[in-house]
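Me: Please take a close look at the ligand-binding region of this model and describe the surroundings of each ligand in a connected account.

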Amino acid sequence: MALIQRVFSGVQPTGNLHLGNYLGAIVNFVKLQESHSCIYCVVDMHAITVWQEPAELTRSIREVTSAFLASGIDPNKHIVFNQSQVAEHAELAWVFNCVARLGWLNRMTQFKEKAGKDRENASVGLYAYPNLMAADILVYRATHVPVGEDQKQHLELARDIAQKFNNDFGEQIRNNGFNDGLYFPQPEPLITGPATRVMSLRDGTKKMSKSDASDYSRINLSDDADTIAQKIRKAKTDPEPLPSEEKGLETRPEADNLVGIYAALAGRTKADVLKEFGGAQFSSFKNALVDVCVSRLSPITSEMKRLMADPGHVDSVLIDGANRARVIAAETMSKTKDIIGFIHKR
Ligand code: AMP
Ligand code: TRP
(Lines give C-alpha, C1' and ligand atoms only; values in the text may rest on other atoms or scores of the structure.)
(Ligands and ions follow the chains in the order given, each with its own letter.)
Protein backbone atom coordinates (compact mmCIF):
# COMPACT_ATOMS: atom_id res chain seq x y z
CA MET A 1 0.00 0.00 0.00
CA ALA A 2 1.61 3.25 -1.10
CA LEU A 3 1.49 6.17 1.27
CA ILE A 4 -0.08 9.31 -0.10
CA GLN A 5 1.69 12.61 0.48
CA ARG A 6 -0.22 14.39 3.17
CA VAL A 7 0.57 17.53 5.11
CA PHE A 8 -0.45 18.01 8.74
CA SER A 9 0.30 20.88 11.08
CA GLY A 10 -1.11 22.44 14.22
CA VAL A 11 -1.19 25.78 16.00
CA GLN A 12 -2.11 26.22 19.65
CA PRO A 13 -5.02 28.50 20.55
CA THR A 14 -3.24 30.22 23.40
CA GLY A 15 -3.76 33.89 22.51
CA ASN A 16 -1.56 36.47 20.82
CA LEU A 17 -1.07 34.86 17.43
CA HIS A 18 2.00 36.72 16.16
CA LEU A 19 4.24 37.42 13.21
CA GLY A 20 6.43 34.41 14.10
CA ASN A 21 3.46 32.06 13.80
CA TYR A 22 2.51 33.71 10.54
CA LEU A 23 5.93 33.68 8.86
CA GLY A 24 7.26 30.50 10.47
CA ALA A 25 4.16 28.41 9.91
CA ILE A 26 0.98 29.82 8.34
CA VAL A 27 2.62 31.23 5.19
CA ASN A 28 3.97 27.76 4.46
CA PHE A 29 0.58 26.18 5.19
CA VAL A 30 -0.93 28.39 2.50
CA LYS A 31 1.73 27.51 -0.05
CA LEU A 32 1.54 23.75 0.46
CA GLN A 33 -2.13 23.75 -0.50
CA GLU A 34 -1.07 23.93 -4.14
CA SER A 35 0.90 20.68 -4.08
CA HIS A 36 -0.46 18.54 -1.24
CA SER A 37 -3.58 17.41 0.49
CA CYS A 38 -3.46 19.37 3.75
CA ILE A 39 -4.90 19.09 7.25
CA TYR A 40 -4.56 22.10 9.54
CA CYS A 41 -5.53 21.72 13.15
CA VAL A 42 -6.20 24.12 16.01
CA VAL A 43 -4.63 22.06 18.77
CA ASP A 44 -6.86 22.91 21.71
CA MET A 45 -5.88 19.79 23.65
CA HIS A 46 -2.25 20.88 23.53
CA ALA A 47 -3.32 24.29 24.83
CA ILE A 48 -4.74 22.90 28.08
CA THR A 49 -1.38 21.41 29.08
CA VAL A 50 -1.10 24.77 30.82
CA TRP A 51 -4.12 26.52 32.39
CA GLN A 52 -6.51 28.21 29.95
CA GLU A 53 -9.44 30.38 31.00
CA PRO A 54 -12.41 28.57 29.35
CA ALA A 55 -14.04 31.62 27.69
CA GLU A 56 -10.67 32.83 26.48
CA LEU A 57 -9.86 29.36 25.07
CA THR A 58 -13.08 29.38 23.04
CA ARG A 59 -12.22 32.82 21.68
CA SER A 60 -8.67 31.74 20.84
CA ILE A 61 -9.83 28.64 18.93
CA ARG A 62 -11.97 30.92 16.76
CA GLU A 63 -9.12 33.40 16.42
CA VAL A 64 -6.60 30.85 15.11
CA THR A 65 -9.24 29.45 12.76
CA SER A 66 -9.98 32.97 11.51
CA ALA A 67 -6.25 33.56 10.98
CA PHE A 68 -6.02 30.36 8.91
CA LEU A 69 -8.96 31.38 6.73
CA ALA A 70 -7.94 35.05 6.45
CA SER A 71 -4.42 34.02 5.38
CA GLY A 72 -5.82 32.00 2.49
CA ILE A 73 -6.28 28.45 3.74
CA ASP A 74 -9.20 26.93 1.86
CA PRO A 75 -11.31 24.79 4.23
CA ASN A 76 -13.26 23.28 1.35
CA LYS A 77 -10.33 21.90 -0.62
CA HIS A 78 -8.39 21.02 2.55
CA ILE A 79 -9.30 20.27 6.17
CA VAL A 80 -9.43 22.80 9.02
CA PHE A 81 -10.67 21.67 12.44
CA ASN A 82 -10.01 21.74 16.18
CA GLN A 83 -8.29 18.76 17.73
CA SER A 84 -10.72 17.99 20.58
CA GLN A 85 -13.51 17.19 18.11
CA VAL A 86 -11.66 14.13 16.83
CA ALA A 87 -11.29 11.73 19.76
CA GLU A 88 -8.85 9.52 17.84
CA HIS A 89 -6.04 11.99 18.57
CA ALA A 90 -6.32 11.24 22.30
CA GLU A 91 -6.81 7.54 21.64
CA LEU A 92 -3.66 7.17 19.56
CA ALA A 93 -1.76 9.41 21.99
CA TRP A 94 -2.43 6.82 24.72
CA VAL A 95 -0.96 4.09 22.54
CA PHE A 96 2.07 6.32 21.96
CA ASN A 97 2.39 6.93 25.71
CA CYS A 98 3.08 3.21 25.81
CA VAL A 99 5.53 3.29 22.87
CA ALA A 100 7.65 6.34 23.76
CA ARG A 101 10.25 5.87 26.50
CA LEU A 102 10.70 8.09 29.55
CA GLY A 103 14.28 8.71 28.46
CA TRP A 104 13.09 10.15 25.15
CA LEU A 105 10.70 12.60 26.79
CA ASN A 106 13.28 13.58 29.40
CA ARG A 107 15.37 15.06 26.62
CA MET A 108 12.68 17.46 25.34
CA THR A 109 13.97 20.99 25.76
CA GLN A 110 10.55 22.62 25.40
CA PHE A 111 9.26 20.79 28.48
CA LYS A 112 12.26 21.95 30.46
CA GLU A 113 11.70 25.54 29.35
CA LYS A 114 7.96 25.52 29.96
CA ALA A 115 8.05 23.65 33.27
CA GLY A 116 10.87 25.86 34.52
CA LYS A 117 12.09 25.38 38.06
CA ASP A 118 8.75 24.15 39.35
CA ARG A 119 8.85 20.82 37.52
CA GLU A 120 6.95 18.97 40.22
CA ASN A 121 3.98 21.22 39.62
CA ALA A 122 3.86 20.88 35.81
CA SER A 123 0.89 18.92 34.41
CA VAL A 124 1.43 15.34 33.26
CA GLY A 125 -0.04 16.55 29.96
CA LEU A 126 2.76 19.06 29.47
CA TYR A 127 5.27 16.23 29.85
CA ALA A 128 3.43 13.87 27.47
CA TYR A 129 2.69 16.70 25.00
CA PRO A 130 5.08 15.41 22.28
CA ASN A 131 3.30 12.04 22.25
CA LEU A 132 0.01 13.78 21.51
CA MET A 133 1.76 15.75 18.80
CA ALA A 134 3.04 12.51 17.23
CA ALA A 135 -0.52 11.15 17.38
CA ASP A 136 -1.88 14.29 15.65
CA ILE A 137 0.41 13.67 12.71
CA LEU A 138 0.34 9.89 12.53
CA VAL A 139 -3.40 9.43 12.99
CA TYR A 140 -3.56 10.83 9.43
CA ARG A 141 -0.37 9.00 8.47
CA ALA A 142 0.86 12.42 7.35
CA THR A 143 4.19 12.57 5.54
CA HIS A 144 5.08 16.27 5.73
CA VAL A 145 4.86 18.69 8.65
CA PRO A 146 5.48 22.43 8.14
CA VAL A 147 6.63 24.01 11.42
CA GLY A 148 8.94 26.66 12.83
CA GLU A 149 12.38 25.63 13.98
CA ASP A 150 11.35 25.30 17.64
CA GLN A 151 9.38 22.15 16.77
CA LYS A 152 12.27 20.22 15.24
CA GLN A 153 12.96 18.10 18.31
CA HIS A 154 9.29 17.16 18.67
CA LEU A 155 9.25 16.03 15.05
CA GLU A 156 12.28 13.83 15.66
CA LEU A 157 10.43 12.21 18.53
CA ALA A 158 7.42 11.58 16.27
CA ARG A 159 9.75 9.85 13.83
CA ASP A 160 11.20 7.71 16.63
CA ILE A 161 7.71 6.74 17.79
CA ALA A 162 6.66 5.77 14.24
CA GLN A 163 9.78 3.66 13.86
CA LYS A 164 9.47 1.90 17.20
CA PHE A 165 5.80 1.11 16.57
CA ASN A 166 6.67 -0.32 13.15
CA ASN A 167 9.47 -2.41 14.71
CA ASP A 168 7.53 -3.63 17.73
CA PHE A 169 4.55 -4.73 15.64
CA GLY A 170 6.42 -5.65 12.44
CA GLU A 171 4.85 -9.08 12.06
CA GLN A 172 1.28 -7.90 12.68
CA ILE A 173 1.79 -4.93 10.36
CA ARG A 174 2.81 -7.30 7.54
CA ASN A 175 -0.11 -9.59 8.32
CA ASN A 176 -2.41 -6.60 7.93
CA GLY A 177 -1.34 -6.07 4.34
CA PHE A 178 1.54 -3.64 4.79
CA ASN A 179 4.14 -5.80 3.09
CA ASP A 180 6.96 -3.32 3.59
CA GLY A 181 6.25 -3.21 7.33
CA LEU A 182 5.82 0.55 7.21
CA TYR A 183 2.49 1.21 8.84
CA PHE A 184 3.33 4.67 10.12
CA PRO A 185 5.40 6.88 7.80
CA GLN A 186 8.41 8.82 9.08
CA PRO A 187 6.96 12.33 9.00
CA GLU A 188 9.33 14.85 7.49
CA PRO A 189 9.63 18.33 8.98
CA LEU A 190 9.36 21.19 6.50
CA ILE A 191 11.24 24.06 8.10
CA THR A 192 11.51 26.47 5.21
CA GLY A 193 11.49 30.13 4.27
CA PRO A 194 13.58 33.09 5.44
CA ALA A 195 11.82 33.31 8.82
CA THR A 196 11.78 29.90 10.50
CA ARG A 197 12.73 31.60 13.78
CA VAL A 198 11.42 35.14 14.23
CA MET A 199 12.96 36.80 17.28
CA SER A 200 11.56 39.17 19.90
CA LEU A 201 11.54 42.87 18.94
CA ARG A 202 12.98 43.65 22.39
CA ASP A 203 15.76 41.06 22.42
CA GLY A 204 17.21 39.55 19.25
CA THR A 205 18.41 36.47 21.12
CA LYS A 206 14.94 35.42 22.36
CA LYS A 207 12.28 33.99 20.09
CA MET A 208 9.08 35.93 19.50
CA SER A 209 6.55 34.20 21.69
CA LYS A 210 2.88 34.30 22.63
CA SER A 211 3.76 34.21 26.29
CA ASP A 212 6.30 37.07 26.48
CA ALA A 213 5.10 39.51 29.16
CA SER A 214 5.88 42.51 26.94
CA ASP A 215 3.45 43.10 24.07
CA TYR A 216 6.20 45.21 22.48
CA SER A 217 8.21 42.02 21.94
CA ARG A 218 5.87 40.83 19.17
CA ILE A 219 3.58 41.95 16.37
CA ASN A 220 0.19 40.33 16.86
CA LEU A 221 -2.01 39.46 13.90
CA SER A 222 -4.69 41.51 15.66
CA ASP A 223 -2.58 44.70 15.84
CA ASP A 224 -3.78 47.73 13.88
CA ALA A 225 -1.47 49.81 11.65
CA ASP A 226 -0.63 52.37 14.38
CA THR A 227 0.30 49.67 16.87
CA ILE A 228 2.50 47.92 14.30
CA ALA A 229 4.25 51.21 13.51
CA GLN A 230 4.79 51.97 17.18
CA LYS A 231 6.20 48.53 17.94
CA ILE A 232 8.61 48.59 15.00
CA ARG A 233 9.81 52.12 15.83
CA LYS A 234 10.50 51.02 19.42
CA ALA A 235 12.18 47.76 18.36
CA LYS A 236 15.66 47.31 19.77
CA THR A 237 18.55 48.00 17.35
CA ASP A 238 22.25 48.80 17.58
CA PRO A 239 23.91 52.13 16.71
CA GLU A 240 25.55 51.05 13.40
CA PRO A 241 23.96 51.57 9.97
CA LEU A 242 22.84 48.41 8.15
CA PRO A 243 25.59 46.33 6.53
CA SER A 244 25.53 45.75 2.79
CA GLU A 245 26.22 42.00 3.04
CA GLU A 246 24.62 39.20 5.02
CA LYS A 247 27.92 38.42 6.72
CA GLY A 248 27.66 41.76 8.50
CA LEU A 249 24.54 40.55 10.33
CA GLU A 250 26.27 37.67 12.08
CA THR A 251 27.01 39.42 15.36
CA ARG A 252 24.00 41.73 15.24
CA PRO A 253 20.93 39.69 16.27
CA GLU A 254 18.44 42.58 16.26
CA ALA A 255 19.51 43.82 12.82
CA ASP A 256 19.47 40.25 11.51
CA ASN A 257 15.94 39.74 12.82
CA LEU A 258 14.50 42.94 11.33
CA VAL A 259 16.14 42.30 7.96
CA GLY A 260 14.83 38.71 8.06
CA ILE A 261 11.30 39.91 8.80
CA TYR A 262 11.47 42.43 5.97
CA ALA A 263 12.76 39.80 3.55
CA ALA A 264 10.07 37.29 4.52
CA LEU A 265 7.25 39.84 4.25
CA ALA A 266 8.46 41.21 0.93
CA GLY A 267 9.20 37.77 -0.53
CA ARG A 268 12.86 38.65 -1.02
CA THR A 269 16.18 37.30 0.26
CA LYS A 270 18.13 39.01 3.05
CA ALA A 271 21.03 39.59 0.65
CA ASP A 272 18.69 41.35 -1.73
CA VAL A 273 17.24 43.53 1.03
CA LEU A 274 20.75 44.54 2.15
CA LYS A 275 21.64 45.49 -1.40
CA GLU A 276 18.92 48.09 -1.17
CA PHE A 277 19.35 49.17 2.47
CA GLY A 278 23.08 48.62 3.12
CA GLY A 279 24.49 51.80 4.69
CA ALA A 280 21.02 53.07 5.68
CA GLN A 281 20.17 54.14 9.23
CA PHE A 282 17.64 52.08 11.15
CA SER A 283 15.20 55.00 11.22
CA SER A 284 14.70 54.89 7.46
CA PHE A 285 14.80 51.10 7.26
CA LYS A 286 12.16 50.92 9.98
CA ASN A 287 9.84 53.17 7.97
CA ALA A 288 10.11 50.78 5.04
CA LEU A 289 9.55 47.84 7.37
CA VAL A 290 6.38 49.43 8.79
CA ASP A 291 5.06 49.88 5.24
CA VAL A 292 5.65 46.30 4.16
CA CYS A 293 4.35 44.92 7.45
CA VAL A 294 1.16 46.95 7.41
CA SER A 295 0.44 46.34 3.74
CA ARG A 296 0.92 42.61 4.16
CA LEU A 297 -0.90 42.17 7.48
CA SER A 298 -3.76 44.66 7.38
CA PRO A 299 -5.91 42.71 4.88
CA ILE A 300 -5.47 39.64 7.09
CA THR A 301 -6.25 41.55 10.27
CA SER A 302 -9.43 43.03 8.85
CA GLU A 303 -10.62 39.70 7.42
CA MET A 304 -9.94 38.10 10.83
CA LYS A 305 -12.08 40.79 12.47
CA ARG A 306 -14.89 40.14 10.04
CA LEU A 307 -14.75 36.39 10.72
CA MET A 308 -14.55 36.87 14.50
CA ALA A 309 -17.83 38.79 14.29
CA ASP A 310 -19.48 35.65 12.87
CA PRO A 311 -18.62 32.84 15.30
CA GLY A 312 -21.45 30.67 13.96
CA HIS A 313 -19.72 30.51 10.60
CA VAL A 314 -16.27 29.81 12.08
CA ASP A 315 -17.69 27.02 14.27
CA SER A 316 -19.42 25.43 11.29
CA VAL A 317 -16.10 25.35 9.38
CA LEU A 318 -14.52 23.51 12.34
CA ILE A 319 -17.40 21.04 12.65
CA ASP A 320 -17.34 20.25 8.94
CA GLY A 321 -13.55 19.86 9.01
CA ALA A 322 -13.74 17.58 12.05
CA ASN A 323 -16.32 15.38 10.33
CA ARG A 324 -13.98 14.86 7.39
CA ALA A 325 -10.88 14.43 9.56
CA ARG A 326 -12.63 11.83 11.70
CA VAL A 327 -13.21 9.53 8.73
CA ILE A 328 -9.45 9.31 8.07
CA ALA A 329 -8.51 9.11 11.76
CA ALA A 330 -11.07 6.37 12.48
CA GLU A 331 -9.65 4.21 9.73
CA THR A 332 -6.10 4.55 11.09
CA MET A 333 -7.31 3.81 14.62
CA SER A 334 -9.23 0.74 13.52
CA LYS A 335 -6.16 -0.73 11.78
CA THR A 336 -3.99 0.26 14.74
CA LYS A 337 -6.31 -1.74 17.02
CA ASP A 338 -6.07 -4.78 14.73
CA ILE A 339 -2.28 -4.51 14.79
CA ILE A 340 -2.07 -4.20 18.58
CA GLY A 341 -4.56 -7.03 19.12
CA PHE A 342 -7.49 -5.14 20.61
CA ILE A 343 -11.01 -6.49 20.04
CA HIS A 344 -13.29 -3.89 18.48
CA LYS A 345 -16.32 -3.36 16.29
CA ARG A 346 -15.31 -3.00 12.66
P1 AMP B 1 2.55 27.63 18.61
O2 AMP B 1 2.13 29.02 18.78
O3 AMP B 1 3.57 27.23 19.61
O4 AMP B 1 1.43 26.65 18.50
O5 AMP B 1 3.30 27.58 17.22
C6 AMP B 1 2.62 27.45 15.99
C7 AMP B 1 3.62 27.41 14.85
O8 AMP B 1 4.35 28.63 14.77
C9 AMP B 1 4.68 26.30 15.01
O10 AMP B 1 4.94 25.74 13.75
C11 AMP B 1 5.88 27.05 15.52
O12 AMP B 1 7.09 26.41 15.19
C13 AMP B 1 5.74 28.39 14.80
N14 AMP B 1 6.40 29.47 15.55
C15 AMP B 1 6.11 29.87 16.83
N16 AMP B 1 6.91 30.88 17.21
C17 AMP B 1 7.72 31.14 16.15
C18 AMP B 1 8.77 32.09 15.90
N19 AMP B 1 9.13 32.99 16.83
N20 AMP B 1 9.39 32.06 14.69
C21 AMP B 1 9.02 31.16 13.74
N22 AMP B 1 8.06 30.25 13.90
C23 AMP B 1 7.40 30.23 15.09
N1 TRP C 1 3.60 21.69 19.26
C2 TRP C 1 3.28 22.60 18.20
C3 TRP C 1 3.64 24.03 18.63
O4 TRP C 1 3.63 24.36 19.78
C5 TRP C 1 1.84 22.54 17.82
C6 TRP C 1 1.45 21.20 17.31
C7 TRP C 1 0.69 20.28 17.96
C8 TRP C 1 1.84 20.63 16.06
N9 TRP C 1 0.53 19.17 17.17
C10 TRP C 1 1.24 19.35 16.02
C11 TRP C 1 2.63 21.07 15.01
C12 TRP C 1 1.44 18.49 14.94
C13 TRP C 1 2.81 20.21 13.92
C14 TRP C 1 2.23 18.94 13.89
O15 TRP C 1 3.89 24.84 17.81
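Reply: The account below takes up the two ligands in turn and then the salt bridges.

This is a predicted model, in which local features need pLDDT of at least 70 and side-chain atom pairs count only at pLDDT 80 or more, while totals for chains, interfaces and linings use all residues. Residues are numbered from 1 along each chain as its sequence is written, chains are lettered from A and ligands numbered from 1 in the order in which they are written, and side-chain values use heavy atoms, with hydrogens and water left out.

Ligand 1 sits in the largest pocket. A pocket here is an open set of points on a 1 Å grid over the protein atoms alone, where a 1.4 Å probe fits and protein lies on both sides within 12 Å along at least five of seven lines; a molecule sits in it if more than half of its atoms lie within 2 Å of its grid points. Around ligand 1 there are 17 residues, of which Q12, G148, D150, V198 and K210 are the closest; a residue counts as near if one of its heavy atoms lies within 4 Å. By class, this shell holds six nonpolar, eight polar and three charged residues, where Gly counts as polar. Helix 1 (residues 19–32) supplies the largest share of the shell, four residues; helices are DSSP runs of H or I with at least four residues, and strands are runs of E with at least two.

Polar contacts, pairs of N or O atoms within 3.5 Å, can be listed for ligand 1. An oxygen atom of ligand 1 is 2.9 Å from a backbone N or O atom of Q12, and an oxygen atom of the ligand lies 3.1 Å from a polar side-chain atom of N21. At G20, a polar backbone atom is 3.2 Å from a nitrogen atom of ligand 1. The protein buries 92% of the 490 Å² that ligand 1 exposes when taken alone, by the Shrake-Rupley method with a 1.4 Å probe.

Ligand 2 also sits in the largest pocket. Its shell has 13 residues, with Q12, Y129, M133, D136 and Q151 coming nearest, and divides into seven nonpolar, five polar and one charged. Helix 7 gives four residues, the largest share. For Y129, a side-chain N or O atom is 2.7 Å from a nitrogen atom of ligand 2, and the side chain of D136 likewise places an N or O atom 2.7 Å from a nitrogen atom of the ligand. For Q151, the distance from a polar side-chain atom to a nitrogen atom of ligand 2 is 3.0 Å. Of the 370 Å² of accessible area that ligand 2 has on its own, the protein covers 91%.

The whole structure contains 21 salt bridges, each a side-chain nitrogen of Lys or Arg within 4 Å of a carboxyl oxygen of Asp or Glu. One of them joins K337 and E91, with the closest N and O atoms 3.0 Å apart. Because K337 lies in helix 14 (residues 311–340) and E91 in helix 4 (residues 88–97), the pair ties together parts that are 246 residues apart in sequence.

Notes:
A polar contact is a pair of N or O atoms within 3.5 Å; within protein, one must be able to donate a hydrogen and the other to accept it, and residues adjacent in sequence count only if both atoms are side-chain atoms. On a 1 Å grid over the protein atoms alone, a cavity is a set of points where a 1.4 Å probe fits but cannot get out, and a pocket is an open set with protein on both sides within 12 Å along at least five of seven lines; lining residues have an atom within 4 Å of a point.
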